[in-house]
Amino acid sequence: EIHIKKPTEKEVNPHLLPGELLLCEASTVYKYIQEDGSDRGTYGKLVCTNFKIAFLDDDSAPNENEPQFKNKIVGENDITLQCVDQIYGVYDEKKKLLTGQLRKYPEKLIIYCKDLRVFHFCLRYTKEEEVKRIVSGIVHHSQTPKLLKRLFLFSYASAAPNSTDGRNQTVMFDTLEDWRYELERTKGNVKYKAVTTNEGYRVSEKLPLYFVVPICISEESILKYEGRGIPIWCWSCHNGAALLKMSAFLKEQDDSTSQMQKAFLDGIYKTISKPPYELLKTEDLSSSLPSLQDIQTAYTRFKQLFLIDNSTDFWATDVKWFSLLESTNWLEIIRRVLKKAVEVAECLERQHTNVLLIEESATDLCCVISSLVQVMMDSYSRTKSGFQSLIQKEWVIGGHGFLDRCNHLHKSDKDEAPVFLLLLNCVWQLVQQYPPAFEFTETYLTVLSDSLYVPIFSTFFFNSQHQKDINTSGESLKIQSGPFRFLTVWDWSVQFDPKAQAFLNNPLYAEKPKPDKSQRKTARFKHQRQLSLPLTQTKSSTKRGFFREETDYLIKNILGKRIGKFINSSDEPPNSFREFYDSWHSKPVDYHGLLLPRIDGPEIKVWAQRYLRWIPEAQLPGGGTIATTAKILELMEEVQSLQVKMDEEHSQGTFGDVHSVPVLRNSARLSSLFPFALLQRQSVKPALPTSTWKDLEDEDDLVKRDDEFVDLGGEML
């Protein structure tokens, strides 16, 4: 028997943004609530606009029970066209990838999203003409290559009233003053200068209008090879050592050109290695870190673990969870990137050495490592405005090719790589290891990753500052209003109201300690091993380090080669690195000083909130971090109300800068993945037949497998 919600007479119309146009629609579409064999769902209307795909049912109308954490731009049943990953049609119970022109139209439509949501729509009860229009429309507008000017970004910018400033204390780095301010903040202005050489983009269209170089570098040198071979300043350490980056020369050159370029580089190196500059260490990231293709392949495999069609599939993969997770290599890539960032931090902090990061374009892995080093070494980058300024400096103005790497235009899969997502995954490791050190929460990072696919903000939709500038003038869009300013993603009020924005701020952020108070040793946070690869080893001595050849041999014999590769001796760091790493971890953590991530196997974990938030089986009813957060927020609300009473008694009025605290009523009914998934909206049970569970229990050899059996429904978080 199929239990369905009958369609009603009431007409539900989509909420359209300025510049948004309805392109096609289909009525009597059946959306499965949970594809677990029960066929539970609801009827509604499926629409496609130039901004999104949306499913509208009776629940789409505004009501009083709306969740506290609601996105004002993208609803629960909305998928922006840039967020669509793949579309499958079901023909006679067989799935087929839908691309281009269709000869036959499917009876079911499955949409896999880049934020890992999965939508199942049944079209059996929809009129044939409407099926043709909606399926063709969705496939065409979300999967076929398009021109930059066809992005909804331009339609919205030309139609929406430009009333928001959107800076919110975020330094945008689009003026010379912003760079000079950053030089002054980091005390790098003695040895480095902000230059205007690229005004009018006369050096290179890939470089920003303004950037910082060593004072000894001449304008002629910058102009000579379109900015290649020039060390560009990223950040200065408190001891004067600096982090620099450089675009490498192309390898395929004739001999005479190569000799000239080598001589040019030698001259540059000699110039910036003399006093007052520190010794220089070069770090070629192309050879020491995985390639972009490796990163893309690993992430493609990794995300398949979370794009779950139904409950049965989820539980079927549960037994081999660890081997599947390891085979993706995604966590290992995160570990390698964090390790490289620690190595760079050691050169800057302990060796007082300048570090020059080298990459072909200096806009991919250079952005990842330089950002991580600054998050680890500069407490300003761990505040919300500081982190946003860092993303602007290193990624947006720094020339990371968001348009190509996110494949927003669907022009070429070969350029696609989740480089920015890799950074957010690495930062999340630090956030969950040292929560009090960060002013923002993991919810902030999750929302930021979702914003990659919301084309009303320009932040993540251009390859360079030059590309944005030439597309900003109103004349090119044939509109009367002239030049306009795109919205920036850093204006969170566009997506969230104040109560929802409170979830982005960490209530337990550690304020700067007063100098006269001694620091207390912080407790180590326990880790949930179900989200990391298992590795059993004895607690490391602070003197001997956690990488040790003797323990290597023992662990390999106990756990086998599969796990042993995570700590094999060929990957053993140099002695100086080992001493630096162990020495730091043996001392109390200063949340406003240097932070080093723990990088041995089990410490690198899956970002549960982002990757598991849409999977009901992975949620803990009334548990997880939300239970702790609820108590903290209750206490904060009580403290704030007492503060108000005290102020009133002393006739001083209330403080104007008190942040609003979201009150979590009935927190016992919430899921561990709140605020993204509400428990009351889910009704799922493990869907494996009883006989299957019995078969699993009877298999004695399961105990002997490398993989532990984990009940993800109860212990995943």
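This is a short talk about confidence, one buried glutamate and the largest cavity in a predicted model.

Hi everyone, thanks for having me. Let me start with how far the predictor trusts its own work. The protein's average pLDDT is 83, with 77% of the residues scoring at least 70. Residues 536-572 are another matter, as pLDDT stays under 50 there, and the model gives that stretch 53 contacts beyond four places in sequence. Residues 679-694 also have a pLDDT below 50, with 28 contacts in the model beyond near neighbours in sequence.

Now to Glu278, which sits in the loop between α5 (255-273) and β14 (280-284). Is Glu278 buried or exposed? Its relative accessibility is 15%, and the cut-off for buried is under 20%, so Glu278 counts as buried. Which side chain does the Glu278 side chain meet in a polar contact? That would be Lys191, at 2.7 Å. Setting aside neighbours within four places in sequence, Glu278 also has contacts that include Asn239, Gly240, Ile272, His352 and Asn354.

Finally, the empty spaces. Rolling a probe the size of a water molecule over the atoms reveals where space is left empty. Here, four cavities come out at 30 Å³ or more, and the largest holds about 60 Å³. Its lining has three nonpolar, four polar and three charged residues; among them are Phe173, Glu182, Arg185, Tyr380 and Lys393. Two helices, α3 (176-185) and α12 (384-396), each supply at least two lining residues, and α12 gives the largest share, with four.

That's my tour, and I'm happy to chat about any of it.

Key: Residues are numbered from 1 along each chain as its sequence is written. This is a predicted model: local features need pLDDT of at least 70, side-chain atom pairs count only at pLDDT 80 or more; totals for chains, interfaces and linings use all residues. Side-chain values use heavy atoms; hydrogens and water are left out. Buried means under 20% relative accessible area, exposed over 50%, partly exposed in between (1.4 Å probe, protein chains only). A polar contact is a pair of N or O atoms within 3.5 Å; within protein, one must be able to donate a hydrogen and the other to accept it, and residues adjacent in sequence count only if both atoms are side-chain atoms. Contact means heavy atoms within 4.5 Å. pLDDT is the predictor's confidence in each residue, from 0 to 100. On a 1 Å grid over the protein atoms alone, a cavity is a set of points where a 1.4 Å probe fits but cannot get out, and a pocket is an open set with protein on both sides within 12 Å along at least five of seven lines; lining residues have an atom within 4 Å of a point. Grid points are joined across faces, edges and corners, and a volume is the space filled by probe spheres set on the points. Ala, Val, Leu, Ile, Met, Phe, Trp, Tyr, Cys and Pro count as nonpolar, Asp, Glu, Lys and Arg as charged, and the others, Gly among them, as polar.
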